[in-house]
Structures are given as C-alpha cells and as structure tokens.
Amino acid sequence: MDLTFHLVPQKYFDTLNPQIDYVPEPFAREGFIHCTDGADEMARTANRYYKSNAEPHYYLYIDKSRVRARIQYDAEPRIYPHIYDTLNRDAIVAVRAAQREIDGTFLPPESL
C-alpha cells in the first residue's frame, strides 16, 4: 500500500455523506486536496498549521494506488501530494482520531 495522509476536522468530516466522494472545506478555493507522505511528516505539518486549533481532527489514511483523481507533487521535497479532484471513498483505507499531547501537539498517525 502506498499511503499518504490528510488531516480533517472531525466535526466537518462527520457531517459528510459517506456514500459521496470526499471534498475538504477549502477545496473550492484551493482546487486540490492537501496530503502528506510519511507519518512523522504528517505530524510536523499538522503542528505547523493546526496546533493552535484545539478541535478534534482525523487522519485520513489514503492509498494513493486507489485514488482515481490526478495526484501531483507540485514542489520539492516530493512529500506533499495534491489530489486534483474529489477523493473516491474506497481510497480512504482508514480514518483515525489524531492523537495529541496535552499542549495540543499532534502525534504521528499510527501504523495500520
């Protein structure tokens, strides 16, 4: 399995219809879905942008080999793939709560 990760607020994700392809809130503005390769790098990215946001989040575990949309690495280093369309649900192989330290620091996603 060729995994990448995506961070999403639990409150938003839980409101979505699981029968419909996944689209994050900022998709209309950004035009793609942000992802991060590697569990440690996912935690670094989450902490860089969302540590101060105390609401609960999920890590989506995405098997890139199952994604129907175009995946593109737009910058170096090649660890931040962008998915340029909605995400077919069968590519999401796991959804797990993002664990955090008491100070809000995100921990890396656990292994499958």
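Which residue in β6 is the bridge partner of Ile-62? In the predicted model examined here, that partner is Ile-92. The bridge belongs to the pairing of β3 with strand β6 (residues 92–97), which runs in the antiparallel sense over five bridges. Strand β3 also pairs with β1, again in the antiparallel sense, and here seven bridges are formed. Within β3, His-57 stands opposite Pro-9.

The burial of β3 was examined next. Seven of its seven residues are buried, and the strand is accordingly described as mostly covered. This cover extends to both faces: His-57, Tyr-59, Tyr-61 and Asp-63 are buried on one side, and Tyr-58, Leu-60 and Ile-62 are buried on the other.

Helix α3 (residues 39–50) contributes to the surroundings of these strands, since its buried residues pack against β1 and β3. Those buried residues are Glu-41, Met-42, Ala-43, Thr-45 and Ala-46. The helix comprises 12 residues and spans 16 Å from its first C-alpha to its last, a value close to the 16 Å expected at 1.5 Å a residue. An α-helix has 3.6 residues a turn, so residues three or four places apart point the same way.

Aromatic side chains were then considered. Five aromatic pairs are found in a search of the whole structure. In one of them, the ring centres of Phe-5 and Tyr-61 lie 5.0 Å apart; because the ring planes meet at 75°, and an angle over 60 degrees counts as edge-to-face, the pair is assigned to that class. The two residues are 56 residues apart, with Phe-5 in strand β1 (residues 3–9) and Tyr-61 in strand β3 (residues 57–63), and the pair thus links distant parts of the chain. Both Phe-5 and Tyr-61 are buried. Tyr-61 also has a charged neighbour: Arg-96 lies over the face of its ring, at 5.4 Å from the ring centre. A similar arrangement involves Arg-70, which is placed over the face of Tyr-84 at 4.3 Å from the ring centre.

One aromatic cluster is formed by Phe-13, Tyr-22 and Tyr-58. Tyr-58 is joined in addition to Asp-14 by a polar contact of 2.9 Å between their side chains. Asp-14 lies in helix α1 (residues 10–15). Its relative accessibility is 49%, and because exposed residues must have over 50%, Asp-14 counts as partly exposed. Asp-14 and Ala-98 are separated by 84 residues in sequence and by 14 Å in space, C-alpha to C-alpha.

Key:
Residues are numbered from 1 along each chain as its sequence is written. This is a predicted model: local features need pLDDT of at least 70, side-chain atom pairs count only at pLDDT 80 or more; totals for chains, interfaces and linings use all residues. Side-chain values use heavy atoms; hydrogens and water are left out. Rings of Phe, Tyr and Trp (its six-membered ring) pair if their centres lie within 6.5 Å; planes under 30 degrees apart count as stacked, over 60 as edge-to-face and the rest as tilted. Helices (H or I, at least four residues) and strands (E, at least two) are DSSP runs, numbered from the N terminus. Buried means under 20% relative accessible area, exposed over 50%, partly exposed in between (1.4 Å probe, protein chains only). A charge sits over a ring if NZ of Lys or CZ of Arg is within 6 Å of the ring centre and within 35 degrees of the ring normal. The expected span of a helix is 1.5 Å times one less than its number of residues. Contact means heavy atoms within 4.5 Å. A polar contact is a pair of N or O atoms within 3.5 Å; within protein, one must be able to donate a hydrogen and the other to accept it, and residues adjacent in sequence count only if both atoms are side-chain atoms. Two strands pair if DSSP finds at least two bridges between them.
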